[in-house]
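Colleague: Walk me through this model as you would at the bench, one feature at a time. I'd like to learn how to read each of them.

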Amino acid sequence: MKVDVLLGLQWGDEGKGKVVDVLTPKYDVVTRFQGGPNAGHTLEFEGQKYVLRSIPSGIFQGGKMNIIGNGVVLDPVLFRQEAESLAASGHELSKQLCISKKAHLIMPTHRMLDAAYEAAKGDAKIGTTGKGIGPTYTDKVSRNGLRVGDILHNFQEKYCLAKKKHEAILRALNYTYDITELEKEWFDAIEYLKRFQLIDSEHVINNLLKSGKSVLAEGAQGTMLDVDFGSYPFVTSSNTICAGACTGLGVAPRNIGEVYGIFKAYCTRVGAGPFPTELFDETGEKICQLGHEYGAVTGRKRRCGWIDLVALKYAIMINGVSQLIMMKSDVLDGFDTIKACVAYKINGQETEEFPFDICEGAEPVYVEMPGWKTDMTKMTSEDEFPEEFNAYVSFLEEELGVPVKIVSVGPDREQTIIRYED
Ligand code: GDP
Ligand code: IMO
Ligand code: MG
């Protein structure tokens, strides 16, 4: 079998958690392959809402195996909070959830470094989630990181050495902090981690594939936040793209199967950085209110705008997307007209190609279509879709060259319309 990958094509928060939960019954295993608690993946079913940060979104569907892969960065304190709150709501995870020994640990000082680097950037700050993601990946790449497997041997020594290096940087940045309480909580959480199966996930996953098991890899963030291909430097610090699933799980490229690309019927972004189709008017505000566009983790207001097909085409190319999933269609239910950006104007020149430095500015060129002005939230089949909505989907399929497999018309698991089976 191969690993199917589901990933965000925009700036994150496309609705990955919801769709992974919907697709999980088809799979034996669900894995996360990058990112960490900067993610906030929301699921709703049976009147309950859950937000997952580091735990894969396959956890609620009947005893499936869930794996936190080697490419993830794990904060033991936040992980413990997440696991304990799930246990309190009747979802005990320790038998269902495995963690790669090669996943890197977010230390308390990584969080401080994240804050200190942001403060040092002043007006140019990224607007990170403040979870220590960048500094943890920096330590991984510079070969100073601590891994989950390290907690099993001589851990205190390794921890002190890493912390000392962080303290020197924090001193140089004149950043004052007190982690006494956090550090205590962190070490308690390290002990808590030991009740989970800490595994050599690359072996486990490849053996599962060999024995005919199906695996779904759940991306975090989105392609436009990818450290290589996103709107650099306003990006996260991991490879959020399909290739990240290979390095973040230890799976060969030829063992990747379907690539599901997920996007909103419009576009949002949280944090700083370029966003060509951003709306600063009442239409943007209307999208924000109707879509409840506030961060699942930080509560920050998300910036809203029309769909950007230049960026989407780029994301589809980079990821080799084979099927598309369109989310939050219902949010546009009440609009008279819908716009889609089909090109950028840069220095007076029109282009459909995503440029080297999107930070330098790109003016969107729009096409406008009639809205469907119909409540879609209770629809259960595509036969009920209004004509104008079908026209919007056909237009997107034509422009993007990939079929739209799923349309989501509300946050609940049930509000999902699968247009065709594979
Ligand atoms: P993720 O990070 O990609 O998993 O997405 P988030 O959970 O951060 O943000 C998506 C938000 O949209 C969540 O609040 C979901 O409950 C909600 N959502 C998902 N799909 C739909 C949909 O089709 N319609 C509406 N109205 N909300 C949705
Ligand atoms: P999910 O998985 C939306 C953004 C932050 C910031 C930038 C860098 O829920 O889609 P970081 O803390 O990663 O160093 O922040 O990336 N960001 C996200 N935006 N959804 C996310 O995750 C995000 N994770 C990080 O707002 O602009
Ligand atoms: Mg999110």
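**Reading the model, feature by feature**

Modeller: Ligand 2 sits in the largest pocket. A pocket is an open set of points on a 1 Å grid over the protein atoms alone, where a 1.4 Å probe fits and protein lies on both sides within 12 Å along at least five of seven lines. To sit there, a molecule needs more than half of its atoms within 2 Å of those points. This is a predicted model, where local features need pLDDT of at least 70 and side-chain atom pairs pLDDT 80 or more, while totals for chains, interfaces and linings use all residues. Residues count from 1 along each chain as written, chains are lettered from A and ligands numbered from 1 in written order, and side-chain values use heavy atoms, without hydrogens or water.

Colleague: Which residues come nearest to ligand 2?

Modeller: Look for neighbours, meaning residues with a heavy atom within 4 Å of the molecule. Ligand 2 has 21 residues around it, and Asp13, Lys16, His41, Thr129 and Thr236 come nearest.

Colleague: And which polar side-chain atoms lie 2.7 Å and 2.8 Å from oxygen atoms of ligand 2?

Modeller: Polar contacts are N or O pairs within 3.5 Å; within protein, one atom must be able to donate a hydrogen and the other to accept it, and sequence neighbours count only through two side-chain atoms. Here His41 brings a polar side-chain atom to 2.7 Å from a ligand 2 oxygen, and Arg300 has one at 2.8 Å from an oxygen of ligand 2. Then check the cover: alone, ligand 2 exposes 550 Å², and the protein buries 98% of that. Those areas are Shrake-Rupley values with a 1.4 Å probe. Asp13 joins in through its backbone, where a polar atom is 2.7 Å from an oxygen of ligand 2.

Colleague: Where does ligand 1 sit?

Modeller: Ligand 1 is in the second largest pocket. Helix H1 (16-23) and strand E3 (41-45) are the elements that give two or more residues to its shell. Helices (H or I, at least four residues) and strands (E, at least two) are DSSP runs, numbered from the N terminus. Around ligand 1 there are 20 residues, with Gly15, Lys16, Thr42, Asp330 and Ser408 nearest. Asp13 turns up again: a polar side-chain atom of Asp13 lies 2.9 Å from a ligand 1 oxygen. For Ser408, a side-chain N or O atom is 2.5 Å from an oxygen of ligand 1. Gly410 offers a backbone N or O atom at 3.1 Å from an oxygen of ligand 1. The protein covers 93% of the 580 Å² that ligand 1 has accessible on its own.

Colleague: Is H1 mostly covered or mostly open?

Modeller: Covered: 8 of the 8 residues of H1 are buried, which puts each under 20% relative accessible area, with exposed over 50% and partly exposed in between (1.4 Å probe, protein chains only). Lys16, Lys18 and Asp21 are among them. Over in E3, Glu44 counts as partly exposed because its relative accessibility is 23%. Glu44 also shows how the chain folds back: Asp412 is 368 residues away in sequence, but their C-alpha atoms are 4.8 Å apart.

Colleague: How do I read the strands?

Modeller: Side chains in a regular strand alternate between the two faces of the sheet. In E10 (residues 215-218), Val215 and Ala217 are on one side, Leu216 and Glu218 on the other, and all are buried. E2 (residues 29-32) has Val29 and Thr31 pointing one way, Val30 and Arg32 the other, again all buried.

Colleague: Which strands pair with E10?

Modeller: Pairing takes at least two DSSP bridges. E1 (residues 3-8) runs parallel to E10 over 4 bridges, with Asp4 opposite Leu216. E2 is also parallel to E10, with 4 bridges; Val29 partners Val215 and Arg32 faces Glu218. E2 pairs with E5 (residues 65-68) too, in parallel over 4 bridges, where Thr31 stands opposite Ile67.

Colleague: Why is helix H10 called largely enclosed?

Modeller: Because 8 of the 11 residues of H10 (residues 309-319) are buried, including Leu309, Tyr314 and Asn319. At the N-terminal end of H10, Asp308 is the cap, with a side-chain oxygen 3.0 Å from the backbone nitrogen of Val310. After H10 comes Gly320, with a positive phi near 65°.

Key: 1 Å grid on protein atoms, 1.4 Å probe; cavity = no way out; pocket = protein on both sides within 12 Å on 5 of 7 lines; lining within 4 Å.
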